[in-house]
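Dear colleague,

I am passing on the structure we spoke about, with the sequence alongside. Please have both open as you read the notes that follow.

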Amino acid sequence: MRLRLRWGGLTLSLLVAVSVSTLVACGGNDEETATPLPVAQRFLTAEDAPGSKPDPVEHGQTTVDFDEFITALSDFSIDPDKAEMTAVFEEAGFHGAGADARFYGDTHAPMSPHVFSSFIELDSDDGATSALDWLETDQKKACRMSCAVQRSEFDVSDIPQARGVHRSATADDVERLGNEHEQPFDGYWIGFNVGPIVYTVNLQGPPGSVSEEQALEITSAYHDRLTGN
């Protein structure tokens, strides 16, 4: 089954298995180890992202198959080097991954503001840091088929070692530098680790419909729940 995450006129696919329900959860902070979380609780909830609703099309899914994961991540990433990506996640010790989508608004539509969450479980804290480094680097790259997207970093000060990347394309930039399938958007990506698991939040919507402040609030609540704070 393919989980299709659509944005900015592009279709981003995450290939996932639907039968996995026994991945070992791992959480906590420097002071304590949190109670293991069921896989379903590793995704954003309505409490983490107030006003959001489960996406009726893009349901939360997981996989423990490395080849499926690499194929999916290659499709989902901005401009991946597949050989490099494979080496990074092999060395990090891939255990499993999942992704989910929620939307904002009364009625779901492809261009509704969405917030995506994902996790990737690795062998160790160091492996998770290596994976997070790769994901952040990819988010900072230019799109393969467009020069309209602007990229910049933003601070995520209340979560240790978290990274934030803003990606956006204005209507003027799309007209001048984009392609016929592209649409203006704002996107705020945040990645962080909880032990050997990398978590990401990606808040996206039409220009002006989402904000950095909103992305930070969602991610802070998500992180607090995952770590039991």
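Gln 161 is exposed, its relative accessible area being 61%, and I begin there because a value over 50% is what counts as exposed. Please keep in mind throughout that this is a predicted model. Gln 161 sits in the loop that runs between strand S7 (150-154) and strand S8 (163-169), and its phi is near 60°, a positive value in a residue that is not glycine. As background, most residues other than glycine have a negative phi.

The next element to look at is helix H3, which covers residues 125-139, 15 residues in total. From its first C-alpha to its last, helix H3 reaches 21 Å, which is close to the 21 Å expected at 1.5 Å a residue. Its buried residues include Ala 128, Ala 131, Leu 132, Trp 134 and Leu 135, and charged residues are also among them, namely Glu 136 and Asp 138.

That brings me to the salt bridges, of which the count comes to seven. Asp 133 and Arg 163 form one of them, with the closest N and O atoms 2.8 Å apart; this pair links distant parts of the chain, since Asp 133 belongs to helix H3 and Arg 163 to strand S8, 30 residues away. The two partners differ in exposure, as Asp 133 is partly exposed at 33% relative accessibility, whereas Arg 163 is buried at 15%.

Arg 163 also meets the side chain of Glu 136 in a salt bridge, at 2.9 Å from N to O. Because Arg 163 lies in strand S8 and Glu 136 in helix H3, this pair ties together parts that are 27 residues apart in sequence. Both Arg 163 and Glu 136 are buried, the relative accessible area of Glu 136 being 12%, and the cut-off for that term is under 20%.

Which residue other than Arg 163 meets Glu 136 in a salt bridge? The partner is Lys 140, with 3.2 Å between N and O, and Lys 140 is partly exposed, with a relative accessible area of 31%.

Taken together, Asp 133, Glu 136, Lys 140 and Arg 163 belong to a network of salt bridges that also takes in Glu 153. If you go through the model yourself, Arg 163 would be a convenient place to start, given its salt bridges with Asp 133 and with Glu 136.

With best regards

Definitions and conventions. Residues are numbered from 1 along each chain as its sequence is written. This is a predicted model: local features need pLDDT of at least 70, side-chain atom pairs count only at pLDDT 80 or more; totals for chains, interfaces and linings use all residues. Side-chain values use heavy atoms; hydrogens and water are left out. Helices (H or I, at least four residues) and strands (E, at least two) are DSSP runs, numbered from the N terminus. Buried means under 20% relative accessible area, exposed over 50%, partly exposed in between (1.4 Å probe, protein chains only). The expected span of a helix is 1.5 Å times one less than its number of residues. A salt bridge is a side-chain nitrogen of Lys or Arg within 4 Å of a carboxyl oxygen of Asp or Glu.
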